[in-house]
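Work through the exercises below with the sequence and the model open. Each task is followed by a solution in steps.

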Amino acid sequence: MATYTLTVNGKKQEVNVDAQTPVLWVLRDHLNLVGTKFGCGMAQCGACTIHLDGTATRSCSLPVSAVGEMEITTIEGLSDHGDHPVQKAWLEHDVPQCGYCQAGQIMSAAALLKENPNPTDEQIEAAMNGNICRCGTYVRIKAAVKTAAQLINE
Amino acid sequence: MATIKTSIGRREFLKSSALAGGGLMLSFSWLAGCLPKEKDALTMPKEWFELNGYLKIGDNGVVTIMSPNPEIGQNVKTSMPMIVAEELDVDWKNVIVEQAPLNTTVFTRQLAGGSQSIRQGWKSLRMAGATARTMLREAAAKTWHVPVGEITTEASVLHHKPSGKSATYGEMVSAAAKIEVPKEVELKNNSDFKIIGTSRNNVDGKKIVTGQPLFGLDYRKEGMLIAMIAHPPAFGMKLKSVDDSQARSMPGIKDIFTIQTFPDDYAQQWCDVTSFPSLVVVVGNTTWEVMNARKALKLEWENFGDYNIASTTFWGTKESIKVPGGLENSTQHSQVMAQLSAKPGTVVRQDGNPQAAFKKAAKVIERTYTAPFLAHNTMEPMNFFAHVTDEKAELVGPIQTPEYMEKSVAARLGLPLEKIDIQMKRQGGGFGRRLYGHFLVEAALISQKVKAPIKLVYTREDDMTFGIYRPAYHALYRAALDADNNLIGFHVKAGGIPESPLFANRFPAGAVENYLAEEWSAPSNISIGAFRAPSSNFIAGAEQAFLDEVAEASGKDPIQFRLDLLDRAANNPVGEKNQYEAKRLAGVLELVREKSNWAQGQPDMHRGVSAYFCHDSYVANVVDIVMEENKPRVEKVYCAVDCGIVVNPIAATNLVEGGTVDGIGHALYSGLTFTNGAPDQTNFNKYRLIRQREAPRAIDVSFVPSTVDPTGLGEPPFPPVIGALSNALYKATGKRYYQQPFLREEINML
């Protein structure tokens, strides 16, 4: 066990955990930030996607000891009022069915658009390919990413 | 206007004070409709008046509607309250939706399964809204001393046109709460619907996109511990010994013990399925600590022999299921299925003289189709919270069958039913997996043992290897054509491990003079259960791919070929037990033909068609495939759907799109195989689910305009698209695909 000081959604947080504890479980069990979801535990489904210094990262396979000074952003910290362009676009397209994977989808989309505000269809497919949606909302996800890009570029 | 008898009992006049004082602001995120704006927030009323179990109205006109059924992504939490709101005649923007408690005396069939929530809830939901509206009208009539027949309503306002008087529901609700519940009420005409048939966004949308704690796995309670189970690594094995000496001393670990989910003499309900009733449990402070301690367990397993389970079917009949011992392999499964398919099966239906028809046929086409076991793989793995004390058992989490599992938990704990409190959370997918609630019983037993609130958490591997799979299937089809290429005989022989997927009385039964349907099955110790559109999820694709080959051999257009058969089934049906409406099935085919512009196909677009009826709804598909870099890619799927009245078009369209993607994905990529009883795929690195790059580029959904009472959409869009997919792949690649997942046959999809 060791003490780690993490910057989560702009706030410094101390946790006392085993060095190997994945950031996913630090967020969910220790910081009560449960918007980041557990899906597979091996970086295959993307449900646990967070931003690490702005880059989309699978938190289930990221040991807390590897975070260091990097800033963590979770779905709860993506925007102050749930009004990030990606969140707005998700609501406009009424994307979710069960909704479980959508926080991860949104975090992947937001990271993509930060890097590339005008992605092509192929670039969207590549960036979103790591996020599984068992309900099959992929067509809406792609449409919502395009709408979000428009909102960002307005 | 229809009149309906009410079945809401006379309830005590209930009024409750506002949730947290009059001034509580409720964020707009609770509501459907638009993007969130702070100024749109609703003010909570000072007092609520409950007019019946489904709804309460505040003194300021805000309405709370209970959504009775489990929400698994089929969007009933929005669409069921819409039906209540319609008959209540309220403005949807003043509606708050809450998940109802489990209460089978107030609510009808609180179960998510069989695509039946809307269909079976339709009448009671309308009645609940109409009853409250009638009480409001009677209160207004009494207050204004006018005949009730002269009181009209519009968007939460009561009007008396002759006198010009009007009052909001909020103003009249305290008087309405004193009105006797009417014995019968009038329902709206369909043509007067203002909410039903209009698109309303998901009531939980804002919470979902901001990561609010909605799901069972997100639930926590003060003092809660985390529990995980270890189950045998293979079907056919059971626990022999436990050495927990190392695990016990690991950080954060509270207890390690074994539980017996269902003792040998326990009479199981249909939803009590488990292959692994004896489990090792690790309980500790946090998920990661428990996961690590579980890895440190030294467990020995042993094979078991044949045994019997006493069970009750969904329909209530008692049965004894014989479960064979031994470690099973997929290669053996394939051999067994091929052997059984070569023998005569049990004849389920016979029309005319199929033997003679095949004997005199000018041409016989025979094809065999197979599909593997599938794991449900809900994105949210199985989990449940339980807090069991001597007085009561509180359970919170994702379950499709709360009213059944309440009985199982009560029976297993030895507590009376009224001491069991199951609360439904939004579910991260269901697909049938959460019909089977062994994990509630496990959670309850664990909490009882450690005398603390616990949350039982399955990892993906636990979830994927625990069983309750879609069975493995096999179907042999034969068609007899005469010299003029008329279909004179049809034969299907279908089976599976451990059950048959046959629907002997569905199309093309009723359309062919000489028809034979046989089935068989082989026992297994691998547990199975309902998976999105049970049986249909395989047999539709097989049948629709086969009919495509028959149409081709007859030299007929595949849509016209089906329509000709359906014409026969509609106008001069063969047999009397046909379980589909031929005209509605033809209707979706005609609609998809029109929408896809079938007659004017494009040169580089490879098209396949299919149509199927299941779960009371009708769906036809055209799949368009393009070849890019010599690889097939699904460009577009057209879906034509007849589900009666469409309650919420935006959600219905979403559900059809999702079922379409899900069907294509499972047919192309997914499958679970076994070696020595153990699943070969244990996580998403080996078990392949469809991803963004593989999804159709576009999906076009059309609904047949209808005034028929609505039927469901959770399952019907899944099965047929598999047929259209394989027919389009044939056009694109020149090869027919018979074995799911098709990718196994080395199609390299782009």
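A residue is buried if 20 or more other C-beta atoms lie within 10 Å of its own, exposed if 12 or fewer, and partly exposed in between. The model used here is predicted.

**Exercise 1. Find which residues of helix 3 of chain A are buried, and state what covers them.**

Step 1. Locate the helix: helix 3 of chain A covers residues 102–115. Its 14 residues reach 20 Å from the first C-alpha to the last, close to the 20 Å expected at 1.5 Å a residue.

Step 2. Apply the cut-off for burial. The residues that pass are A:Gln102, A:Ala103, A:Gly104, A:Gln105, A:Ile106, A:Met107, A:Ser108, A:Ala109, A:Ala110, A:Ala111, A:Leu112 and A:Leu113.

Step 3. Draw the conclusion. Twelve of the 14 residues are buried, so helix 3 of chain A is largely enclosed by the rest of the structure.

Step 4. Look at the cover. From chain A it includes strand 3 (49–52), strand 4 (55–58), helix 2 (85–92), helix 4 (121–128) and helix 5 (138–153). Chain B takes part too, through its helix 4 (205–209).

**Exercise 2. Describe the side of chain A that touches chain B.**

Step 1. Count the residues: the contact takes 49 from chain A and 54 from chain B.

Step 2. Assign them to helices. Helix 1 (23–30), helix 2, helix 3, helix 4 and helix 5 of chain A each supply at least two residues of this side. Helix 2 of chain A gives the most, with five residues.

Step 3. Sort by class: the side of chain A has 24 nonpolar, 15 polar and ten charged residues.

**Exercise 3. Identify the residues with the most contacts inside the largest nonpolar core, and follow one of them outward.**

Step 1. The largest nonpolar core has 277 residues. Those with the most contacts inside it are B:Leu55, B:Leu395, B:Ala443, B:Leu585 and B:Val588.

Step 2. Ask which element gives the largest share of this core. Helix 2 of chain B (residues 117–144) does, with eleven residues.

Step 3. Take B:Leu395 as the example. Leaving out residues up to four places away in sequence, B:Leu395 touches B:Phe384, B:Phe385, B:Ala386, B:Val409, B:Asp421, B:Ile422, B:Leu440, B:Ala443 and B:Ala444.

Step 4. Turn to B:Leu585 and B:Val588. Both are among the buried residues of helix 14 of chain B, whose cover includes helix 13 (558–571) and strand 29 (606–614) of chain B.

**Exercise 4. Work out how two pairs of helices in chain B are oriented.**

Step 1. Helix 2 and helix 3 (residues 169–176) of chain B pack at an angle of about 85 degrees, with their axes 8 Å apart. Angles of 65 to 115 degrees count as roughly perpendicular, so helix 2 of chain B is roughly perpendicular to helix 3 of chain B.

Step 2. Name the residues that meet. Helix 2 of chain B brings B:Met135, B:Leu136, B:Ala139, B:Ala140 and B:Thr143, and helix 3 of chain B brings B:Tyr169, B:Met172, B:Val173, B:Ala175 and B:Ala176. By class, the residues of this contact are nine nonpolar, one polar and no charged.

Step 3. Repeat for helix 12 (residues 536–554) and helix 13 of chain B, whose axes come within 9 Å and cross at roughly 100 degrees. Helix 12 of chain B is therefore roughly perpendicular to helix 13 of chain B.

Step 4. Here B:Leu547, B:Asp548, B:Ala551 and B:Ser554 in helix 12 of chain B meet B:Pro558, B:Phe561 and B:Arg562 in helix 13 of chain B. The classes are four nonpolar, one polar and two charged residues.

**Exercise 5. Are A:Asn9 and B:Glu629 buried or exposed?**

Step 1. Place A:Asn9: it lies in the loop between strand 1 (2–8) and strand 2 (11–17) of chain A. Its phi is near 50 degrees, a positive value in a residue other than glycine.

Step 2. A:Asn9 has 19 other C-beta atoms within 10 Å, so it is partly exposed.

Step 3. Place B:Glu629: it lies in the loop between strand 30 and strand 31 of chain B, and its phi is near 50 degrees.

Step 4. B:Glu629 has 7 C-beta neighbours inside 10 Å and therefore counts as exposed.

Definitions and conventions. Residues numbered from 1 in each chain as written. Chains lettered and ligands numbered in written order. Predicted model: local features only at pLDDT ≥ 70, side-chain atom pairs only at ≥ 80, totals over all residues. Core = buried A, V, L, I, M, F, W, Y, C linked by C-beta atoms within 7 Å. Helix = DSSP H or I, 4+ residues; strand = E, 2+ residues; numbered from the N terminus. Contact = placed C-beta atoms within 7 Å. Axes fitted to C-alpha atoms, helices over the stretch in contact; angles between N-to-C directions. Parallel < 35°, antiparallel > 145°, perpendicular 65-115°, else oblique. Nonpolar A, V, L, I, M, F, W, Y, C, P; charged D, E, K, R; others polar. Expected span 1.5 Å × (residues − 1).
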